[in-house]
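Please look over the model below, with an eye first to its overall make-up, then to its interior, and finally to a few unusual places in the backbone.

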Amino acid sequence: MNEPGRKTEVSVSPQKSIDDAIARGRAAILRSQKANGAWDGVCELGPSCTAQALIALSYMQRLSSEDAAEGARWLKNQQRKDGSFGGWPYATRGDLGATACAWAALQLSSDPKAQAAAAKARAYIDAHGGFDTVVELASSGDVSAFYLAMAGRLDAKRLPQPPLVWVLSCHAVDFAFSKLTYSVVLGAMSMAILSRRLRGEWDVLTRLSCPRASSIIKTFQNDNGSFNGVTIATALFGATLHATGRSEDRDGAARAASFLLSRRIRDASGMHFDIFPSDVWTTAYHARVLTEAGVPRDAPELQRAVEYLLATQARVPQPRWNNRKSGAVLTGGWAFEDGNPLMPDPDDTAVVLSALGRIVEGLPPALAARVRTAIADGRRWMLDMQNPDGGWGGFAWGLPSKAPGPAMRQPFTLPPITKPCELIDVFLYPPVVLGDPSTEDLSARAIDALLSTGDTPSAPAVQKAIGFLREQQCDFGPWWGRWVVNFLAGSSYVISALTKAGDPPGVGFLKRAIDWTLAHQNEDGGFGESVLSYAEPKRAGIGPSTAPLTGLVLLGLLDAGLRDSAAVQKAIAYLLARQRPDGTWPNGTYLATALPPNAFYTYAPAANYLPLQALAHYARLGDAPAPSVRPSRWTDAVLDPMRQETDPLADELVAEIYSAEAECSVTKLLAQLFRNDAPIPEGMPPKLRDYFESTAALPPWADAKKIARAQQLFATYPVQITMGLFCSALPQAYAAADGAAVLVQTQAMQRNTRQRIFETAQFVFDVVDEGAFSPGGKGIRAAQRVRLMHAAIRHLILSRKDVPWNSAVRGKPINQEDMAGTLMTFSALTFDALRRYGIDASDADGEAWIHAWTVVGHFMGIEPSLMPTSLADAEALMDAIRDRQWAPSPEGRALTEALLEMMNQFFTFDLTALRGIMPTQIRFLVGDHCADLLNVPQSNLTGLLDLSTDLLRELDVPNHDAAVAKILGRFADDAMKLIVLAEREGKQASFRLPSSLEKSVVPGT
C-alpha cells in the first residue's frame, strides 16, 4: 500500500477511465450549447483590441462615460508591472504599440487610478523610443500612431500620409487586390483618409479620391456593421468612414459603431472587447467531435447544430476581388462567425464540410436532403477557391504563393517614401505577410473536407493539394502552421490529411515529420510550443505542454497508426490526468494565430474539443466501440426520488422541539449547541441528549485503517485541502441552483459570509483531523450537529409563509440528493484539488479519503444507498449531480460574489502580481464552465506570469501545468497563513484549528 502522497507510475487508465473522461468532456460541451443550436467561444487578442475599440468609439462620438471608465478599469488590470501592455495574451514582454494605444485609451477616463496607470504607460513609452518610434511602427502596419492622433494625444502632422489618388484607377485597384490581402488594401486607404482628415488637409485630390475609397471599403462591410466580423478591423474602417465626413458614409460608420458596442464584455475586472465571435467554426467542430465521442447523429443537439450551420451558409455574393476569375462561384461557403456572409473562407468551409459529411448519414431524411444540398454548394465554392499551386489561402484566390517552409518570421517594414523604386518593387512583388498565400494547415483541413464529403484520394483536387503539401515541408521535417501555433500543430493536420489520403506513414517525407513530432514530446507526456517559434524556427516544437495542443498532436499520431506506441500512451495519460472536474481541460498558454509573428489570440473551445476528440479517436481505434452513454448507477431513476427524501429522524426531533418551545428559545438552544465544543452541552433537553448518544456509534463497515490513512493525508497536506474547500468545493456547491437557493433563503450566508464559511471550514477540520472518530473526538459531534442544523433549516424554510418553497419543482430543502452532493464536494472535490495542486496522492489515498467521508455521511443522516463505494463511484456521483443540478442562478452568483469578497478582504494590499489571484485559483480548480455559471471573473494571468518569472527559478518547474500548480500551491500556503492571522487578530482564534493545520500555518508552532 502506498503511503499518502507517494508518487505513483503514470500509465494509461483502463478503458472505463477513458470512457469516463469522454463522457465528462461530452457532457461539458453539451451543457454549453445555446438555444439556437450554436456553440461559441470568446476570442481575446489582448489589450490593444479594447484600447482601439474605445478610441474609435470616442472618435465616432459613441463612447459613453461609463464605458470609458469601465474600459479603463479593465485595461488597468491588464497592465504589467513595468507599465507596459502585452501584444497578445500570455506575452512575456511589453509591446510598444499596444502600450501606446492603452495609454491613450486610459486617458478617456477621468478616474485618478486610470490616470496613474496612464502615467506608468507613458514612462514605458518614453523609455522605449517615445512617440517617434510609435510613428515609425506604421511602416510595418502598426496603426497605433493613428489611434493616438484620433484620441488627440499625437500631433497628426507626425503621421505618415500614404497616397490615395491611385484608387481612381480601376486597374490599379484590381492590381492591388491581385497582390495584397484585402485588409492591407483597405488599411492603406484608411491610413490615407485618416491622416488627411486628422491633419486638416482635405485637398481637391482627396475630395475626388475619397468617394471611390469609401465605396471600396463599404463593399466589405456586412449588414451588421462589421468588417470580416473583426473588432479591430471594424474599429479602423468604421473610424475611416466617420472621417470622410460624407453623408453617404454616415450609416456605415454608425453600423460599425453599433457592431463594436455589441462586442462589449463586462465582468468584475471592468469592460473589454473580444476580437471576434467564433460560432460557426466552434459549432462545426463541436458537432463533429460529439459525433466521434458517441452522440447519435440524430440526437436533438446535433440536429439543432446542423440547422444552425445550414442557416449560416453564405448566400450573399462575396466581393469580386476575393475571387477574380471570370464566372467565379461567389456563394456557398462559410465564415468563422454568423453575420459575416461577405467573407466566407476556405478554412471554415472545410471544417463545416468535414462535420456535415460525418453527420449526414444519420440524420432524418428531410434534414439529410438539405444537408446534401448545402454540402454540394459548399464543395463547389471551396473547389473554386483552390489556388493554382494546389493549396488554399485564407480569404482570396490567386494571390502570390509562399516559398516552402516557415514564413512571416519578422514584421515587414515598408521602405521610406524617399526610396520610390523600392516602394514600387514591394508593390509588384509583395512579401508573404502582405498577401494571402496557400498555407499548409488550412490545405490539410481542406483535404479532410473533400475526403469526408465523397472524394477519393485520387480526385484531382486532392492530388493537387497533396502535391502542394509535399512541396511545403520544412527541410528539418515538420510543416509550418499559419493559422495554428505552430510546427507541431501544422504538422498534425498535415499528417492526418496525408495518411487519410493513403500516404504510408512509415516511409519518406511523412516519416520524417512523424519522427520530428515524436522527438518533441515533453517528459510529462504532453506537447507544447511557444509563439516565439515563428520568429525563431529553432524553437519549433518547444514549449510547456498544453491540453489542446496535446490533443491535436495525438490526432495526427493516431491517424499515423501509432495508437499502441509509448508516445501515444503517455499523451493519453497526460490528458486524463489534466481533465477538470467539470469535464473541461485547462487552456494553459495555448493560442491561435491571427498574424505571425506578433498577433495571437485565445480560443477557449479548443481546450475542450481537441482533447475530447483525441480520447474518442483513441477509444474508437481500440477493441472497444466508441462509447455512447457512460454506465453509472447514479441515474435519474435513482436520484429523482431522493429529492423528496430528507432525514426523518432529525426532522421529527427538530419538529418536536419547535412544537414544545417558542421559536426564539429554539434558536438560542441550537446556537448554544452549534457554538459549544462540549460533547453534549449542559442544559440540553433529554431528547437531544438521547439523539447524541443513540447516533454516536461508528457504522460496522467503518475501516479504521482507511480512516487513519485519510486523516494522515489531511495532516500531510492541510493547506492544499483547505484551499480546495474554499476555491473548489464551495463554488461547485453554489453552482447547484436549488441548493444555492436554500443557502440564500437562510440569509445567513450572505449577511455573515465570513462566519458561515469558517463554520464550514471548522466542520471539515473537525471530521478529518487525527482522532476525529475516536472516543472524545470532535468529528462525530460535528457531524451530528450539522445533521440537526440541516433539519432546523428545513423546518424553518418549509414553515415560511412569506417565501413559500416549491418542493414539487425544487425538491425538499436539503434533501438526500443535496446532502450527497455536499458530501461529494467535501470529499471528491477536495481530493481532486489536492492533485491539481501538484500533489502525487495515490488512488489508495483517494479510496481512503472517500471512505472516511462516507463515515461522515453516515453521521449526517445520508441514506446508505447514496454512499459511494470508491473514488471512481464518488466521481461518478458528482458528475451525475453536476449534470442534474448545475445551472446559472442569481443565488449561486450572489454566494460566489460574497465568497470572493470575503477572500479578497485578506489581501487588501496593492500587490500587482496577485491581482485577480482568487478568481484564478477558482478557475484553475473548478474549470471555466462552473466559473462562468457563477460569474467568476476571467483569470488574469498577467500578474501571475510576472510573479512566475521569479518563482520558477526557485521552483525549477519544466512545464506550464506544473508551474501554475506550484505557483498557486505556494500562494495557497501564504494565503492560509494570512487567513489564520486575520482570524486570530492576536487573540484566541474564532475558529479552532486542527493540530495538523496549526503546525503547518501558525507562525511559531
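Helices, taken as DSSP runs of H or I with at least four residues, and strands, taken as runs of E with at least two, are numbered from the N terminus. The model is a predicted one, and by this assignment the protein holds 44 helices and 5 strands. It has 1005 residues, of which 60% count as buried, and its accessible surface comes to about 37,700 Å², with 54% of that area belonging to carbon and sulfur atoms. When contacts between residues at least 6 apart in sequence are considered, 76% of them join residues at least 24 apart.

The interior may be taken next. In soluble globular proteins, nonpolar side chains tend to be buried together. Here the largest nonpolar core has 199 residues, and those with the most contacts inside it are Y147, F177, V371, M382, Y601 and Y609. Of these, F177 can serve as an example: leaving aside residues up to four places away in sequence, F177 touches Y182, V185, L186, I216, F220, W321, R324 and L399. Apart from the largest core lies another one, of 86 residues, which includes A710, L829, I881 and L895.

The backbone deserves attention at two peptide bonds. The bond from V485 to N486 is cis, with omega near -20 degrees, and N486 lies in the loop between α19 (460-472) and α20 (487-500). A cis peptide bond also joins P596 and P597, where omega is about 10 degrees; P597 is placed in the loop between β4 (592-595) and β5 (599-603).

Two further loop residues combine a positive phi with a side chain other than that of glycine. Phi of Y90 is near 70 degrees, and this residue is found in the loop between α3 (65-78) and α4 (96-106). N228, which is likewise not a glycine, has a positive phi of about 60 degrees and lies in the loop between α10 (204-219) and α11 (231-244).

Are Y90 and N228 buried or partly exposed? Buried means under 20% relative accessible area, exposed means over 50%, and partly exposed covers the range in between. Y90 counts as partly exposed because its relative accessibility is 23%, whereas N228, with a relative accessible area of 8%, is buried.

Conventions
Residues numbered from 1 in each chain as written. Predicted model: local features only at pLDDT ≥ 70, side-chain atom pairs only at ≥ 80, totals over all residues. Heavy atoms only, no water. Buried < 20%, exposed > 50% of the residue type's maximum accessible area, 1.4 Å probe, protein only. Core = buried A, V, L, I, M, F, W, Y, C linked by side-chain atoms within 4.5 Å. Contact = heavy atoms within 4.5 Å. Areas by Shrake-Rupley, 256 points an atom, 1.4 Å probe, with all protein chains shown as cover.
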